[in-house]
Structure formats: C-alpha cells, structure tokens
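Let's take a stroll through this model, from a ligand shell to a pair of helices and a couple of buried side chains. Have the viewer open while you read.

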Amino acid sequence: MVHRPLAHPPGRTIRVIYSARVSGPDSSVTIIGASGALGFGLAVRLAAAGVAVTVGSRDHGRANEAAARALAAVPHATVGGMENAEAAAANEIVVLSVPFRSHHETLTQIANTMHAGQLLVDATVPLAAAVGGKPTRMLGVWQGSAAQQAQEIVPDGVAVVAALHTVSAAALEDRARALDEDVLLAGDRRADKARVAALLNRIDGLRCVDAGRLEMARITESLTALLIAVNVRHKAHAGIRLTGLPDTLW
Ligand SMILES: NC(=O)c1ccc[n+]([C@@H]2O[C@H](COP(=O)([O-])OP(=O)(O)OC[C@H]3O[C@@H](n4cnc5c(N)ncnc54)[C@H](OP(=O)(O)O)[C@@H]3O)[C@@H](O)[C@H]2O)c1
C-alpha cells in the first residue's frame with residue numbers, strides 16, 4: 001500500500017487523488033471541522049495510521065491549509081481538503097467535529113450531499129460555552145443529545161454514531177504523547193459501531209467500547225464537561241478508561 005503526499009500548488013483546491021486504492025473497508029474518512037482542534041488532532045493520528053483523510057471546512061482555503069499542516073506533520077500520508085458539502089460525499093465515514101452552535105447549520109448543509117449507507121460519527125458536545133456559558137455545563141437539547149439531533153437531520157439510511165467526546169484534542173495532536181484511553185461509542189446498530197471501532201482502533205492507544213444505543217450520547221457527551229472540570233484542576237488532558245472489560249470487545 002503506497003501513500004504519497006498530494007501535490008497542492010498554493011491557492012489551488014487540494015483534491016483527494018489516491019495514489020493507490022487503499023485496501024480494506026473504511027480506510028478513508030472525511031472530517032468536517034478538521035481545521036479545528038479535535039478534528040485536526042484526529043486527522044493527524046488517522047493519517048499516521050494509514051487512513052486517507054479528507055479535511056472538510058466551510059472554506060476551501062482553510063481546508064487546504066489544514067490538509068497541508070497535516071501533511072507537514074505526517075509527510076507520507078494521504079490528506080486532501082474540500083468544502084464541507086463535497087467532503088461529506090467523499091467517504092463512507094464522515095466525522096463531524098464542530099462547535100455546537102454550528103451543529104444544526106453544518107448538518108443541514110452536508111445532509112444535501114450525504115447518501116444512504118454512510119456513517120456520521122458525531123463528536124459534537126452541546127457545551128454551554130457554545131452560547132457564552134460555562135464549558136463545564138451542558139445545554140439541554142430537545143432530542144436528548146447533539147448526536148440525536150444529528151440523526152434527525154441526516155438523510156434516511158445514514159446512521160449516527162456518537163464518539164470521541166472524552167478524547168482531548170491536545171492529546172491527539174501531540175503525536176509524541178502515547179495515548180492510553182477508551183472511546184465510548186453510542187449508536188443504535190452494533191454493526192455501525194463495529195465499523196467505527198475498526199477505524200478508530202487503528203490509532204495506537206485508543207480502545208473503542210460499545211456504550212449502548214444512541215440515546216446514551218446524552219451521557220457520553222456530558223463527560224466532556226466533567227473532563228474539562230478535571231483538566232482545569234489538574235492542568236491535564238485526561239481521558240477515561242473503563243475497567244473489568246474482556247480483552248476482545250468487537
Ligand atoms: N477540543 C477538544 O478537546 C474536544 C474534545 C471532545 C469533544 N470536543 C467537541 O468537538 C467539537 C469540536 O471541538 P474543537 O475544539 O475542535 O472546536 P473548534 O476548534 O472551535 O472548531 C472546529 C471547527 O469547526 C468549524 N466551525 C463551523 N462553524 C463554526 C463556528 N460557528 N465557529 C467556529 N468554528 C466553526 C471550523 O472549521 P471551518 O472554519 O474550517 O469550517 C472549526 O475549525 C465541539 O463540539 C467540542 O465540544 C472537543
């Protein structure tokens with residue numbers, strides 16, 4: 001399997017042109033919001049694990065800039081940039097990593113280009129900070145959670161899996177730091193979660209755990225607020241680790 005960096009002349013849109021068909025299912029991913037903290041950290045870690053990454057942004061230039069930054073961090077990776085709507089159609093797994101205040105608007109936009117069979121991995125957390133409140137408090141979401149809101153907006157046949165809420169952007173981006181933590185996956189179908197786990201488990205030090213149905217996202221999303229409170233007190237980028245689980249989870 002060969003991954004070559006894309007040629008990307010300054011000022012031009014970087015297109016994802018795969019130098020070789022990456023073998024196996026879901027060896028490519030779109031990350032909407034990968035110009036930001038969590039999405040970029042995830043892009044870098046997945047790219048380093050051999051996953052072809054499409055950076056989605058509201059702006060072509062920012063998508064290209066983030067893709068170039070990721071390639072600078074992981075020179076032999078396959079990373080490209082596109083505007084959100086185009087990026088959302090480019091891969092079968094689409095990660096959404098945007099502030100809650102733009103969650104609905106972003107989803108409404110990308111719903112036009114998503115198609116049945118795709119998976120949306122929603123990392124969005126409805127923190128009160130999205131509306132000027134405290135980052136250690138949650139907003140009430142009528143549907144129960146951001147991920148359940150997402151499920152209402154995406155086209156029929158697109159399943160939502162809530163994930164990554166307890167993984168720190170700073171820990172992801174710092175590749176010198178060894179990860180050692182769990183990723184809780186909430187979704188209505190075991191097969192969808194297994195697909196997401198197969199992707200995220202490619203990152204060394206992450207262990208995906210099936211945390212139940214999508215309605216559990218109400219709890220997994222709120223763990224971000226808890227971890228922010230912990231991190232402020234201990235000046236850390238803490239994650240979570242469940243104990244007592246069997247060795248084989250998938
Ligand atoms: N940071 C963490 O450690 C962490 C951990 C777990 C979960 N989360 C959750 O993951 C999501 C993303 O977090 P983040 O820290 O990566 O956020 P961020 O850096 O503030 O934003 C991520 C990206 O969202 C896009 N975006 C769309 N609408 C926006 C708006 N109105 N204002 C600002 N950016 C907008 C931007 O990309 P373009 O401008 O390129 O479109 C931006 O780069 C949030 O819901 C957060 O609660 C974060």
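Here is a short tour of the ligand shell, one helix pair and some buried spots.

First, the ground rules. This is a predicted model, where local features need pLDDT of at least 70, side-chain atom pairs count only at pLDDT 80 or more, and totals for chains, interfaces and linings use all residues. Residues are numbered from 1 along each chain as its sequence is written.

**Around the ligand.** The ligand is surrounded by 27 residues, where near means a C-beta atom, placed from the backbone, within 6 Å. G36, S57, S102, V125 and A169 are the closest. The shell splits into 11 nonpolar, 12 polar and four charged residues. Here Ala, Val, Leu, Ile, Met, Phe, Trp, Tyr, Cys and Pro count as nonpolar, Asp, Glu, Lys and Arg as charged, and the others, Gly among them, as polar. Helix α1 (residues 37-48) gives the most to this shell, with three residues; helices (H or I, at least four residues) and strands (E, at least two) are DSSP runs, numbered from the N terminus.

**Two helices side by side.** Helix α4 (residues 103-111) packs on helix α5 (residues 146-153) at about 30°, with axes 10 Å apart. Axes are lines fitted to C-alpha atoms, for helices over the stretch in contact, and angles run from 0 to 180 degrees between N-to-C directions. That makes α4 roughly parallel to α5 (the label covers angles under 35 degrees). On the α4 side, H103, H104, L107, T108 and A111 meet A146, Q149, A150 and I153 of α5; contact means C-beta atoms, placed from the backbone, within 7 Å. The residues of this contact divide into five nonpolar, four polar and no charged.

**Buried spots.** A residue counts as buried if 20 or more other C-beta atoms, placed from the backbone, lie within 10 Å of its own. Two examples:

| Residue | Helix | C-beta neighbours within 10 Å |
|---|---|---|
| N84 | α3 (residues 84-90) | 23 |
| Q148 | α5 | 20 |

What does N84 contact, leaving aside neighbours within four places in sequence? The partners are I32, G56, S57, R58, T106, Q109 and I110. For Q148, leaving out that same sequence range, the list is Q143, L214, E215 and A217.

Helix α7 (residues 190-200) has buried residues too: K193, R195, V196, A197, L199 and L200. What covers them includes β1 (28-32), β4 (93-96) and β5 (119-122), among others.

How values were computed
Angles under 35 degrees count as roughly parallel, over 145 as roughly antiparallel, 65 to 115 as roughly perpendicular and the rest as oblique. Two residues are in contact if their C-beta atoms, placed from the backbone, lie within 7 Å. A residue is buried if 20 or more other C-beta atoms lie within 10 Å of its own, exposed if 12 or fewer, and partly exposed in between; C-beta atoms are placed from the backbone.
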